[in-house]
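This report is a short guide to read alongside the sequence and the structure shown below. It takes up a pocket, a helix pair and a few individual residues in turn.

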Amino acid sequence: MQRSDFQGITGMVRSTAMIHIRRLRQEGKPQNIGIPSQPIYVPAPGFYGKSRDYQPVK
């Protein structure tokens, strides 16, 4: 999921969506499997229905 996807799902504006994504990242819930300038977020193991044994493919 990218920021634009998050925006579309939640109906938030760009700045608000980024605030929420930053907060979630600080909590360790999503992982970035993309590059820092083009992040692609996936659920971290143990969150949002992902098994703690799950390892995302980069």
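## The largest pocket

In this predicted model, strand S2 supplies the largest share of the lining of the largest pocket, contributing three residues. The elements that give two or more residues to that lining are H2 and S2, the latter spanning 41-43. The pocket itself has a volume of about 200 Å³.

The residues that line the largest pocket are Met 1, Phe 6, Ile 21, Leu 24, Pro 30, Tyr 41, Val 42, Pro 43 and Tyr 48. In chemical character, this lining consists of nine nonpolar residues, with no polar and no charged residues.

## Packing of H1 against H2

Two packed helices are described by the angle between their axes and by the distance between those axes. Helix H1, which covers residues 3-10, packs with helix H2, which covers residues 14-26, at an angle of about 105 degrees, and the two axes are 9 Å apart. Because angles of 65 to 115 degrees count as roughly perpendicular, H1 is described as roughly perpendicular to H2.

On the H1 side, the contact is made by Arg 3, Phe 6 and Gln 7, while H2 brings Arg 14, Ala 17, Met 18, His 20 and Ile 21. Sorted by character, the residues of this contact comprise four nonpolar, two polar and two charged. Phe 6 and Ile 21, which take part in the contact between the helices, also appear in the lining of the largest pocket.

## Buried residues: Gln 7 and Leu 24

Gln 7 lies in helix H1, and it counts as buried because its relative accessibility is 19%, where the cut-off for buried is under 20%. Once its neighbours within four places in sequence are left aside, Gln 7 is in contact with Met 12, Val 13, Arg 14 and Ala 17. Of these partners, Arg 14 and Ala 17 are among the residues through which H2 makes its contact with H1.

Leu 24 belongs to helix H2 and is buried, with a relative accessible area of 15%. When residues up to four places away in sequence are not counted, Leu 24 touches Lys 29, Pro 30 and Tyr 48. Leu 24, Pro 30 and Tyr 48 are also among the residues that line the largest pocket. Between Leu 24 and Ile 9, which are 15 residues apart in sequence, the C-alpha to C-alpha separation is 16 Å.

## Exposed residues: Ile 19 and Gln 26

Is Ile 19 buried or exposed? Ile 19, placed in helix H2, counts as exposed because its relative accessibility is 53%, the cut-off for exposed being over 50%. The C-alpha atoms of Ile 19 and Ser 4 are separated by 13 Å, and these two residues are 15 residues apart along the chain.

Gln 26 is likewise placed in helix H2, and with a relative accessible area of 73% it is exposed. Gln 26 and Ile 9 are 17 residues apart in sequence, and in space they lie 21 Å apart from C-alpha to C-alpha.

Definitions and conventions:
Residues are numbered from 1 along each chain as its sequence is written. This is a predicted model: local features need pLDDT of at least 70, side-chain atom pairs count only at pLDDT 80 or more; totals for chains, interfaces and linings use all residues. Side-chain values use heavy atoms; hydrogens and water are left out. Axes are lines fitted to C-alpha atoms, for helices over the stretch in contact, and angles run from 0 to 180 degrees between N-to-C directions. Helices (H or I, at least four residues) and strands (E, at least two) are DSSP runs, numbered from the N terminus. Angles under 35 degrees count as roughly parallel, over 145 as roughly antiparallel, 65 to 115 as roughly perpendicular and the rest as oblique. Contact means heavy atoms within 4.5 Å. Ala, Val, Leu, Ile, Met, Phe, Trp, Tyr, Cys and Pro count as nonpolar, Asp, Glu, Lys and Arg as charged, and the others, Gly among them, as polar. On a 1 Å grid over the protein atoms alone, a cavity is a set of points where a 1.4 Å probe fits but cannot get out, and a pocket is an open set with protein on both sides within 12 Å along at least five of seven lines; lining residues have an atom within 4 Å of a point. Grid points are joined across faces, edges and corners, and a volume is the space filled by probe spheres set on the points. Buried means under 20% relative accessible area, exposed over 50%, partly exposed in between (1.4 Å probe, protein chains only).
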